[in-house]
Amino acid sequence: MAILVLSNPLPSAPFAEALRRAAPDVTIWTEADAPDPGLVEAILAWRMKAGILPKYPNLRVLCSTGAGVDKLLVEDLPASVPVTRVVDPAQGVEIAQYVVAQALAFTRDLALYARQQADAQWKRHPVRLASQCRVGVMGLGAVGQAIARAFAPLGYPVAGWSRSAKSLPGIQCHAGLDGLAKFLSHTDILVCALPLTPETRGLLNRGTLGQLPRGAFVVNVGRGEQLVEPDLQMLLDEGHLAGAALDVFDREPPPPDNWVWRHPKVSATPHIAAQASFDVVAAQCVDAWRSARAGDAPALAVDRAAGY
């Protein structure tokens, strides 16, 4: 019995070391170890390509290294193999910190003051009241709720949108495609924290982003494939959108000649809004493997049809 780490492009050594701490009696392999396919019962991975999983006939569970599993749902994934995600409470807090930091930098004009500092220019500008900056969070799972809660003490009105109806204290909730237009039209700072599903792929496009009020700001900490990047660029260049903070991209990393690196209205970061603890990832992977071995459904198994 063994657990195999296939975390490329993430380094495999930290995951393997954490797994050995969590399960010292279990063989832990990385791709570099030339593992015996017949002994592999669990795989810990960030992404998967078709043609790999059939090599492991005794696979019991496929574990994600992160909160999302969209990159693991390949066409030849056996129906009998559960897929699990990571739930790290610290991740929600970290992502909320990132989103609030980007929103504050936007609403308080920090980029403008940085440019003035470079020119030794002392010039004050009116402060936009938080009460006049309506935050809209797309996705009201654990991460989306953490983001929404983080804004409330700062005086920002907060609304949320999700696929199915939710009721959360202090948050005006919208749901479904019928509620999307109203949600967008009342959002000055749009935060995407959605899982990637066929329904959310390409959801942020010229049509939907164009429904935001003129001068709105977009923060994407969901998945890059949810945002149609050329549409965002057009809306920024036309002046309809005032800026964007992107931590996820359709292609990661974006090519060096990609426009996001140099656009004056874009803050581009390398998928660092949150990073799950290696020990948390390892412990949850081991728990999932043990549950699957016992014939039980892993606690953090996802609904493969829904994608999360």
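**Exercise 1. Find the residue that stands opposite Val137 in S7, and place the pair in its sheet.**

Step 1. Val137 faces Gly160 of S7. The model is a predicted one, in which local features need pLDDT of at least 70, side-chain atom pairs count only at pLDDT 80 or more, and totals for chains, interfaces and linings use all residues. Residues are numbered from 1 along each chain as its sequence is written, and side-chain values use heavy atoms, with hydrogens and water left out.

Step 2. Strand S6 (residues 135–138) and strand S7 (residues 158–162) run parallel and are joined by four bridges. Strands (E, at least two residues) and helices (H or I, at least four residues) are DSSP runs, numbered from the N terminus. Two strands count as paired if DSSP finds at least two bridges between them.

Step 3. The open sheet has seven strands in the order S8-S7-S6-S9-S10-S11-S12, with parallel pairing. Strand S8 (172–175) and strand S12 (266–268) are at the edges with a single partner strand each, so one side of each has no neighbour in the sheet. From one strand to the next the twist averages 15 degrees.

**Exercise 2. Determine which strands helices H5 and H7 lie across.**

Step 1. Helix H5 (residues 176–185) lies across S6, S7, S8 and strand S9 (189–192), and runs at about 150 degrees to S7. Axes are lines fitted to C-alpha atoms, for helices over the stretch in contact, and angles run from 0 to 180 degrees between N-to-C directions. Contact means heavy atoms within 4.5 Å.

Step 2. Helix H7 (residues 229–237) lies across strand S11 (241–246) and S12, at about 145 degrees to S11.

**Exercise 3. Trace the pairing of S1, S3, S4 and S5.**

Step 1. Strand S1 (residues 2–6) runs parallel to S3, with five bridges between them. Ala2 has Val40 in S3 as its bridge partner.

Step 2. Strand S3 (residues 40–45) pairs with S4 in the parallel sense over four bridges. Ile43 is partnered by Leu62 of S4, and Ala45 by Ser64 of S4.

Step 3. S4 and strand S5 (residues 83–84) run parallel, joined by two bridges. Leu62 stands opposite Val83 in S5.

Step 4. In S3, six of six residues are buried (under 20% relative accessible area, with exposed over 50% and partly exposed in between, 1.4 Å probe, protein chains only). In strand S4 (residues 61–64), Val61 and Cys63 point one way, Leu62 and Ser64 the other way, and all are buried. In a regular strand the side chains alternate between the two faces of the sheet.

**Exercise 4. Identify the largest nonpolar core and the elements that supply it.**

Step 1. A nonpolar core is a set of buried Ala, Val, Leu, Ile, Met, Phe, Trp, Tyr and Cys residues joined through side-chain atoms within 4.5 Å. The largest has 28 residues, and Val99, Ile147, Phe151, Val191 and Val221 have the most contacts inside it.

Step 2. Two or more residues each come from H2, S6, helix H4 (142–151), S9 and strand S10 (216–220). H2 gives the largest share, seven residues.

Step 3. Another core lies apart from this one and has 26 residues, including Leu204 and Trp259.

**Exercise 5. Is Gln91 buried or exposed?**

Step 1. Gln91 is in helix H2 (residues 89–107).

Step 2. Its relative accessible area is 10%, so Gln91 is buried.

Step 3. Not counting residues up to four places away in sequence, Gln91 touches Ala67, Val86, Ala274, Gln275 and Ala276.
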